[in-house]
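Grab a pencil and open the viewer. Here are some exercises, each followed by a worked solution.

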Amino acid sequence: MKTISKLLFVTMLYVSLTTTVVAHDTDKQIYKKVDDLMKKMTLQEKIGQLQQLTGRNSEITGPSGEKINTEESIRRGLCGSLLGVKKAEDVARYQNIALNESRLGIPLLFGYDIIHGCRIIFPENLGISSSWDITAIEKTAQIAAREAASMGIAWTFSPMCDISTDPRWGRVSEGSGEDPYLGAKIAEAMVHGYQGKDLSDPNTILACVKHFAAYGAPQAGRDYHTVDMSRRMFRDRYLPPYRAAINAGAATVMTSFNDFEGVPATGNKWLMRDLLRDELGFTGFIVTDWGSTDEMCAHGVAANGKEAAKLAFDAYVNMNMVDADYIKYGEELVHEKQVSEKTIDLLCREVLAMKFRLGLFDNPHRYGGDRYKSETYRPENLEVAREAARKSMVLLENNGILPLKGSEHIALIGPYAANRKEMSGAWRGLVEHHRTTTFLEGLQTRFGKDNITYVEGCKPFKAIEGGIAEAVAAAKKSDVVLLTMGLPNSCSGEAASLTSIEVPQVQRDLLTALDSIGKPIVVLLVTGRPMDVGFEVKHADALLVTWHAGTMAGPALADVVSGDFNPAGRLTMTFPLELGQVPIHYNMKRTGRPMLSPDSKAKYFSRYIFTPNEPRYPFGYGLSYTTFDYSDLKVLTPEVAMGESVHVSVKVRNSGKRDGAEVVQLYLRDDIASTTRPVRELKGFERVELRAGEERTVEFEITPEDMSFWTINEEFAQEPGTFHLWAGHDSNATLEGVFTVKR
Ligand code: BGC
């Protein structure tokens with residue numbers, strides 16, 4: 001039966017590849033055209049197609065040690081792709097240089113980091129993953145692609161599929177949290193959103209699965225740091241989102257900065273060839289991360305750029321981002337027979353094939369032009385952004401103060417309340433900050449200007465003279481305080497690791513002062529990572545995580561606090577009680593000394609002496625303005641054979657007085673397996689809208705693939721035995737069932 005799950009996997013792979021990438025026949029024709037073109041190309045021109053440069057007209061060192069700038073490199077056929085060109089006019093200009101001034105006129109491919117939106121900025125990725133709304137997420141990627149394509153961009157460096165369990169790592173904001181199952185669903189949806197069904201559609205762009213691989217697990221949460229884990233752990237927990245994105249037909253993959261088993265990813269043959277190409281069946285092209293070829297020197301596995309280039313060529317990495325090691329040393333390496341011309345041909349072929357698939361040879365200007373004038377900021381797309389932002393917000397505490405009644409006078413305070421820039425998070429695409437609606441503006445529109453008093457109070461890390469006094473005065477005259485707190489954009493994303501995940505002290509001083517006057521306080525937490533919010537919880541009546549909510553932050557917030565929209569966001573990353581628990585995630589492995597009960601004080605167990613094992617808020621958690629009750633969990637197929645699915649149903653009822661959405665979650669535990677397995681793992685979820693009083697039966701299918709893992713026999717397979725499952729509101733769900741898989 002092991003073969004069945006494998007078969008299933010291969011079939012899925014085949015179906016997805018054939019449905020999302022152009023049909024086989026066309027591909028045949030494409031490769032014919034590629035081969036014809038390559039016959040005309042010199043070795044240096046082929047290597048040139050493998051070089052990506054920045055659009056900043058930067059200077060690089062050319063093949064014979066000479067300094068050349070971007071434009072000159074394009075003219076000389078030493079550049080196949082540019083990244084970071086911001087304007088459609090510049091895209092056209094560079095493209096014209098390639099077309100008219102290079103020997104063969106091969107069009108350039110323009111890439112950009114469209115991570116959570118292009119012009120319209122959607123919530124940061126960790127935020128939007130909290131919506132658990134796969135359709136909405138796909139839609140945001142589709143809009144981002146459309147806008148980007150209209151600006152001349154044919155390739156985004158997204159989705160980031162890196163699982164991470166460490167909130168010290170700033171790049172958790174770019175991912176979908178800690179869970180491989182949810183991460184895989186989101187990765188797949190984003191690829192579909194960006195690429196659509198046809199790459200030659202001028203409104204779709206290439207996706208790029210990154211950062212391959214395991215970049216989300218740097219030691220101590222420090223960006224670019226060493227990654228070291230067992231292959232088993234990697235396959236079970238980190239690989240699924242990358243694999244799902246590849247199965248969905250992702251056209252490109254980006255290497256990661258980190259090493260893996262002692263070999264930097266960019267030169268790691270096992271990752272790039274054995275796993276990615278041979279095992280996962282990836283047929284697109286691979287790009288390095290920024291400068292990561294040359295960084296193999298700093299890693300200490302290459303003595304110089306030439307050795308580094310050889311390592312990357314040998315790993316079949318097609319395109320070199322930004323450092324010039326490929327064009328500098330490629331020819332020499334081939335002449336010295338250190339790299340074969342066949343390898344260069346192989347790598348170049350895939351890059352050119354992708355340009356053909358995009359239709360760049362038919363019309364090199366099909367992306368860009370002045371299409372952006374009508375494609376960007378479409379009103380219906382702004383509505384999608386508003387919807388995405390409010391669906392992302394997670395209500396963590398509420399003593400009944402929310403939703404607001406509408407008659408209150410509101411004191412809106414804090415460093416993020418009227419700050420356009422701070423709504424965009426890390427990676428802002430091609431944001432124009434003036435298009436962002438602030439929290440202040442959103443609330444003014446909803447509640448009326450006269451009903452809001454705004455005071456900044458302090459900066460994210462700095463006091464403002466008289467700021468606290470002014471805030472206190474405003475609060476005294478108001479009925480409720482909405483206090484924005486948290487971390488700025490600069491603390492999200494790349495090179496933004498932290499050793500404290502608490503709100504900066506200056507903001508806490510403001511909260512303390514406001515709390516002293518006794519008015520109800522709603523904390524609006526602006527963040528791109530889980531935080532230790534113990535202090536805030538003590539002083540606040542409600543706590544709403546808004547993330548960096550994007551262009552439509554203001555209206556989305558107004559929708560939520562007014563109750564026009566009932567919050568339904570659920571955490572996709574655990575919020576720890578304190579940083580010392582990190583890495584902490586719900587799907588920890590079982591141990592030989594599990595805690596007997598959360599209150600147990602018994603010593604020789606896997607626990608801390610002074611701190612509980614439990615986080616402050618578990619994965620999957622989030623409140624609503626209504627309540628949901630679960631009942632009647634039924635395992636419809638309590639005994640199945642290997643290769644058969646298990647069917648489960650559970651009743652969920654909106655037991656409160658408001659309509660609302662619940663994310664029904666299903667968790668699974670393999671009771672006895674050949675290797676240690678997590679205490680529980682998410683294996684199903686459904687976001688359901690329920691009217692007040694409405695009850696719904698939600699059904700789940702647990703497939704053989706869902707039950708499979710990397711076994712002691714080093715294969716992804718199913719094993720017989722009993723399984724426990726739980727259904728409910730979050731990863732602490734208690735409604736329990738059991739089933740048996742017979743041999
Ligand atoms: C990041 C990538 C990004 C690339 C291009 C790198 O520093 O790690 O995620 O796509 O830059 O901007």
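## Exercise 1: Helix 8 against helix 9

Helix 8 crosses helix 9 in a right-handed manner. Keep in mind that this is a predicted model. Your task: work out how helix 8 and helix 9 are oriented, and which residues bring them together.

*Solution.* Start with the geometry: helix 8 covers residues 180-195, helix 9 covers residues 231-247, and their axes are 7 Å apart at an angle of about 20°. Angles under 35 degrees count as roughly parallel, so helix 8 and helix 9 are roughly parallel to each other.

Next, pick out the residues. Helix 8 brings P180, G183, A184, A187, E188 and V191. Facing them from helix 9 are D236, R237, P240, P241, A244 and A245. Sorted by class, the contact of helix 8 with helix 9 has 8 nonpolar, 1 polar and 3 charged residues.

## Exercise 2: Helix 12 against helix 13

Repeat the analysis for helix 12 and helix 13: at what angle do they pack?

*Solution.* Helix 12 (residues 305-314) packs on helix 13 (residues 325-335) at about 80°, and the axes are 9 Å apart. The range for roughly perpendicular is 65 to 115, so helix 12 is roughly perpendicular to helix 13.

On the helix 12 side, the contact is made by G305, K306, A308, A309, K310, A312 and F313. On the helix 13 side you'll find D325, Y326, Y329, G330, E332 and L333. By class, the contact of helix 12 with helix 13 comes out as 7 nonpolar, 2 polar and 4 charged residues.

## Exercise 3: Helix 7 against helix 16

Describe how the axes of helix 7 and helix 16 cross, then give the handedness of the crossing.

*Solution.* The axes of helix 7 (residues 134-150) and helix 16 (residues 379-392) come within 10 Å and cross at roughly 140°. Careful with the label here: roughly antiparallel needs an angle over 145, so helix 7 and helix 16 are oblique to each other.

As for handedness, helix 7 passes helix 16 in a left-handed crossing. The residues that meet are K139, T140 and I143 from helix 7, and N381, V384 and A388 from helix 16. That contact of helix 7 with helix 16 has 3 nonpolar, 2 polar and 1 charged residues.

## Exercise 4: Around the ligand

How many residues surround the ligand, and which are the closest?

*Solution.* The ligand is surrounded by 13 residues, and D113, R171, H211, D289 and E494 are the closest. Now go through some distances to oxygen atoms of the ligand. For R171, a polar side-chain atom lies 2.7 Å from a ligand oxygen. For H211, an N or O atom of the side chain is 2.6 Å from an oxygen atom of the ligand. For E494, the corresponding distance from a side-chain N or O atom to a ligand oxygen is 2.8 Å.

## Exercise 5: Backbone oddities

Find out which residues are joined by the cis peptide bonds at P159 and H211, and what phi E261 has.

*Solution.* Take H211 first. A cis peptide bond joins K210 to H211, with omega about -5°, and H211 sits in strand 7 (residues 208-212). H211 also turned up among the closest residues to the ligand.

Then move to P159. The cis peptide bond there is with S158, and omega is about 10°. P159 is in the loop between strand 6 (155-156) and helix 8.

Last comes E261. This residue isn't a glycine, yet its phi is positive, about 50°. E261 lies in the loop between strand 9 (259-260) and strand 10 (263-264).

Key: Residues numbered from 1 in each chain as written. Predicted model: local features only at pLDDT ≥ 70, side-chain atom pairs only at ≥ 80, totals over all residues. Heavy atoms only, no water. Axes fitted to C-alpha atoms, helices over the stretch in contact; angles between N-to-C directions. Helix = DSSP H or I, 4+ residues; strand = E, 2+ residues; numbered from the N terminus. Left-handed = near helix turned anticlockwise from the far one by under 90°. Contact = heavy atoms within 4.5 Å. Nonpolar A, V, L, I, M, F, W, Y, C, P; charged D, E, K, R; others polar. Near = heavy atom within 4 Å. Polar contact = N/O pair within 3.5 Å; in protein donor to acceptor, adjacent residues only side chain to side chain.
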